[in-house]
Structure formats: C-alpha cells, structure tokens
Amino acid sequence: MDRDIIPVGVKDFQIDLFEGQYAVPKGMAYNSYLIKDEKTAVVDTVERGFAGEWLTNVERALGGAKPDYLIVQHMEPDHSGSIAAFAERWPEATVVSSAKAFSMMKAFYGDEYAERRLVVKEGDVLALGNHSLRFIGAPMVHWPEVLFSLDETTGTLFSADAFGRFGADAETSGPDVMAEAKRYYFGIVGKYGTQVKAVLKKLEGAAVNTICPTHGNVIEDGLDKWLEAYSKWADYAPDCDGALIAYTSVYGNTKAAAELLAELMRERGCPQVSVMDLARSDVSEAVAAAFSFGTLVLASTTYNNEVFPAMRRFISELTERNFQKRTVGIIENGSWAPQAAKVMKAMLEKSKDIVFAEPTVTIASSLGDASRAQLTALTDALCAK
Ligand code: FEO
C-alpha cells in the first residue's frame with residue numbers, strides 16, 4: 001500500500017453477532033484510513049465503542065499534525081459511530097460526505113455539521129496535494145448514501161462495505177478469506193446485485209491496484225479474483241456446478257432421504273454435493289452455499305400444516321436476497337397431510353428463473369419403495385442437466 005496511506009482502524013474480538021445476526025467467530029474489523037499529504041484526510045470512523053482506541057490510532061499516525069478532513073463514506077453506525085468523537089477532538093476539521101449522509105448524520109447523531117462540512121457527489125474531486133480523491137456514487141451498496149473514494153494518484157479505492165469480509169484475523173488470502181467474503185456479500189449486500197453491477201461498471205477502466213474496504217483486509221494481491229467474484233455474485237451466477245441439499249428433519253426420516261439423494265447424485269458423478277441440516281447450521285453459511293451451487297434441493301417435513309421453521313427462515317433469507325437462476329428439487333415429508341412441497345414452491349414463486357426439477361418427492365413418514373423410486377428419478381433429472 002502507498003506509504004502515505006495508513007490503516008488506523010480497530011479489531012473487535014468481543015463481538016458475537018455482527019449486525020445482530022451474523023456469527024463472527026474470528027471477530028470483525030472496522031477499518032479506517034489516514035491519507036497524509038499537504039492536506040490530511042481520515043476515511044471513515046469506527047463503531048462507537050472503539051472511539052478511544054481509534055482516536056489514539058489516528059493521533060499516532062498523524063504524528064503531531066492535525067487532520068483537515070474526515071470523509072464519511074457510509075452512515076451505518078459501525079463506521080459512523082465515532083464521527084462525534086472526531087469532530088470534538090478536531091473542531092477545525094471539515095466533514096466531507098454526500099447530502100444523503102448528512103441527513104442521516106442529523107437523524108442518527110443530532111448534528112449535520114452545517115458550519116464545517118463539504119457536501120460532495122459523484123465525480124467531485126478532493127485534492128489533498130499529491131493525492132486526489134474522486135468520489136464515486138455507490139447507492140444501495142448497500143445503503144443509499146454510500147460513496148466510494150478513488151485515490152487517482154495511487155490507484156487506491158476506498159470501497160466502504162464492498163469487498164469486505166467477516167473476520168478480524170490477519171489472513172489476507174486463501175479459501176477461508178473468500179468464504180467469509182462470500183458469506184458477508186450475500187448476507188449484507190446480496191439483495192443489491194443490480195446496484196453492485198452498476199458500481200463495478202463505473203470502475204471499469206479505473207486503474208485500481210489496491211482496495212481498502214471498511215471490513216476485512218486491504219486487497220493488493222489477487223485483485224482480479226475479487227473483482228471477478230463480485231461480478232459473478234452480483235449476477236447471481238453459481239460458483240460451481242454442484243448441488244446443495246438443505247434439509248430439516250424431526251425424527252431422521254427426511255434426513256435419510258436427503259442423504260440418500262446425495263449418495264445417488266455422487267454415484268452419478270455429480271461434481272460436488274453438499275448436505276446441510278438447516279436446524280444445526282448457521283443460516284448465513286447455508287445462504288452462501290445456496291448461492292454457490294447451480295442446484296438447490298429443499299427437503300422438509302410438514303409442520304403445523306406448513307414447513308419446518310428453519311426451512312421457512314432459510315427460504316425467506318434466500319428470496320429476500322433475490323435468489324434466482326437455479327434448478328430446485330423438492331422433497332417433502334408428511335405423515336397424514338403432506339403440505340411442505342406446496343408451501344416451499346409457493347415461497348419461491350416470485351423468484352426469477354427457477355426451474356423445478358421433477359418429480360417432487362413425497363415421503364409418507366419414512367422412506368419406502370415409492371419415495372425411493374422418486375428419489376432415483378429426481379437424481380436422473382438433476383444429474384442430466
Ligand atoms: Fe459495515 Fe453497512 O456497514
């Protein structure tokens with residue numbers, strides 16, 4: 001990274017659930033950056049509980065100087081929570097942000113810094129001396145006020161939440177990093193594929209060589225891999241050709257059907273088959289897995305004339321995030337009035353480009369000859385495509 005750009009963020013290893021719902025066993029980083037130049041700018045703040053540690057980091061990086069600007073790219077409190085602490089510490093500094101963000105600042109914190117602010121928009125340039133920051137609108141990635149800042153001097157993109165990941169660990173590459181980036185993407189940004197594609201288009205032709213997101217690690221190596229991944233995810237295209245079989249089971253009979261289907265598909269040479277018990281899996285991992293594969297099989301018992309609660313939540317999490325372009329197989333179980341298939345199909349009826357594989361498998365309490373034959377036929381359908 002350019003030597004004028006100094007990370008001043010913090011790492012949160014106490015947090016259990018990010019945004020109140022995502023398990024983060026490796027913690028969470030709230031990144032912030034200082035750009036030292038003739039004028040000095042701080043990009044984004046951190047979660048309020050870390051204000052003291054962050055101010056210390058900023059002061060140390062400043063080395064006795066005073067900051068001229070605080071650039072607020074995104075108003076979600078994990079990044080805006082220490083604006084007031086900054087404003088109080090450095091009352092001469094100018095707060096730079098979008099008009100929408102200043103409205104949010106007033107709503108969140110009761111101040112929009114009218115006497116000391118600079119409102120910027122897409123295409124505006126903030127000259128710091130050697131470094132020039134061009135602002136790029138990134139609306140709905142994943143909030144409406146978001147700006148990216150591109151340092152055109154060094155090719156450094158400050159990308160707000162985009163290209164972030166769960167985890168505050170020191171890893172910068174490898175399968176865990178990309179897995180956590182994918183779980184983060186589909187959890188936080190997944191609904192907004194169209195908007196992600198729009199901002200990726202704006203970046204085409206920009207000479208970006210470093211990405212500084214507000215979560216995770218600075219990206220310097222493998223930049224193409226990240227951009228390709230974001231492009232694919234924004235397009236809701238699967239990463240691989242295999243299948244996720246997601247099941248809920250009360251007494252093990254629906255589980256047995258899910259496992260039998262996996263066995264049959266593997267025997268047919270289906271490249272990768274993953275089986276998840278939704279009641280015992282992290283739902284954000286299940287969501288990321290569903291978006292990874294081209295095929296999803298849903299297997300649920302009928303419960304209260306509906307589907308099992310974990311299955312209902314899982315499908316809702318998918319449809320909220322624009323789940324689409326997939327082949328879906330359905331397995332239901334019911335001891336007297338099976339309803340799960342009808343309910344699961346209805347939950348997906350507004351999802352685009354979903355092809356239901358036939359047949360729908362119906363289990364009457366436990367696997368029998370008829371349901372085994374249906375599973376074989378479903379295997380034929382899924383593995384033929
Ligand atoms: Fe990391 Fe949307 O805040």
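Ala101 is in contact with Met75 and Glu145, leaving aside its neighbours within four places in sequence. The model behind these contacts is a predicted one. Ala101 lies in helix 4, which covers residues 99-109. Its relative accessibility is 0%, so Ala101 counts as buried. Ile71 sits 30 residues away along the chain, and the C-alpha atoms of Ala101 and Ile71 are separated by 11 Å.

Glu145 leads on to His74. The side chains of His74 and Glu145 make a polar contact of 2.7 Å. A further polar contact, at 3.5 Å, links the side chain of His74 to that of His142. His74 is placed in the loop between strand 8 (69-71) and helix 2. Is His74 buried or exposed? At 1% relative accessibility, His74 counts as buried. Not counting residues up to four places away in sequence, His74 touches several others, among them Asp44, His79, Ser80 and Trp143. Val146, Ala160 and Asp161 are also touched by His74.

Past helix 2 comes another loop. Ser82 is placed there, between helix 2 (77-80) and helix 3 (83-89). The relative accessible area of Ser82 is 0%, so Ser82 is buried. What does Ser82 contact, leaving aside its neighbours within four places in sequence? The partners are Thr45, Val46, Glu47, Arg48, Ala51 and Trp54. With Val46 there is a polar link as well: a polar atom of the Ser82 side chain lies 2.9 Å from the backbone oxygen of Val46. Ala198 is 116 residues from Ser82 in sequence, and 30 Å from Ser82 in space, C-alpha to C-alpha.

A second serine is found in helix 9. Ser284 has its place in this helix, which runs over residues 283-292. Ser284 is buried, with a relative accessible area of 6%. Its side chain is joined to that of Asp282 by a polar contact of 2.3 Å. Leaving aside neighbours within four places in sequence, Ser284 is in contact with Tyr22 and Arg183.

Now to the nonpolar cores. In soluble globular proteins, nonpolar side chains tend to be buried together. Here the largest nonpolar core has 92 residues. Phe148, Leu298 and Phe314 have the most contacts inside this core. Which helix gives the most to the core? Helix 5 (residues 175-189) does, with eight residues. Domain 1 (5-234) and domain 2 (240-384) both give residues to this core, so the core lies between them.

Phe148 shows what such a residue touches. Not counting residues up to four places away in sequence, its contacts include Phe135, Ile136, Ala138, Val141, Leu157 and Phe158. Gln73, Arg134 and Ser159 are also among the residues that Phe148 touches. Another core, of 22 residues, lies apart from the largest nonpolar core. Leu264, Val297, Ile331 and Leu367 are among the residues of this other core.

Leu264 also belongs to the buried residues of helix 8. The others are Thr254, Ala257, Ala258, Leu260, Leu261, Ala262 and Met265. An α-helix has 3.6 residues a turn, so residues three or four places apart point the same way. What covers the buried residues of helix 8? The cover includes strand 16 (240-247), strand 17 (273-277), strand 18 (293-303), strand 20 (326-333) and strand 22 (361-363). Helix 12 (369-384) is also included.

The span of helix 8 can be checked. Helix 8 (residues 253-267) has 15 residues and, at 1.5 Å a residue, should span 21 Å. Its end C-alpha atoms are 21 Å apart, which agrees. Gly269 follows helix 8, with a positive phi near 85 degrees.

The cysteines come last. How many disulfides does a search of the whole structure find? The search finds zero. Cys270 is in no disulfide, and its nearest cysteine sulfur, that of Cys383, is 4.6 Å away. Cys383 is likewise in no disulfide, with the sulfur of Cys270 as its nearest. A disulfide needs the cysteine sulfur atoms within 2.5 Å. Cys270 is buried, with a relative accessible area of 14%. Cys383, at 25% relative accessibility, counts as partly exposed.

Key. Residues are numbered from 1 along each chain as its sequence is written. This is a predicted model: local features need pLDDT of at least 70, side-chain atom pairs count only at pLDDT 80 or more; totals for chains, interfaces and linings use all residues. Side-chain values use heavy atoms; hydrogens and water are left out. Helices (H or I, at least four residues) and strands (E, at least two) are DSSP runs, numbered from the N terminus. Buried means under 20% relative accessible area, exposed over 50%, partly exposed in between (1.4 Å probe, protein chains only). Contact means heavy atoms within 4.5 Å. A polar contact is a pair of N or O atoms within 3.5 Å; within protein, one must be able to donate a hydrogen and the other to accept it, and residues adjacent in sequence count only if both atoms are side-chain atoms. A nonpolar core is a set of buried Ala, Val, Leu, Ile, Met, Phe, Trp, Tyr and Cys residues joined through side-chain atoms within 4.5 Å. Domain bounds come from an automatic or database domain assignment. The expected span of a helix is 1.5 Å times one less than its number of residues.
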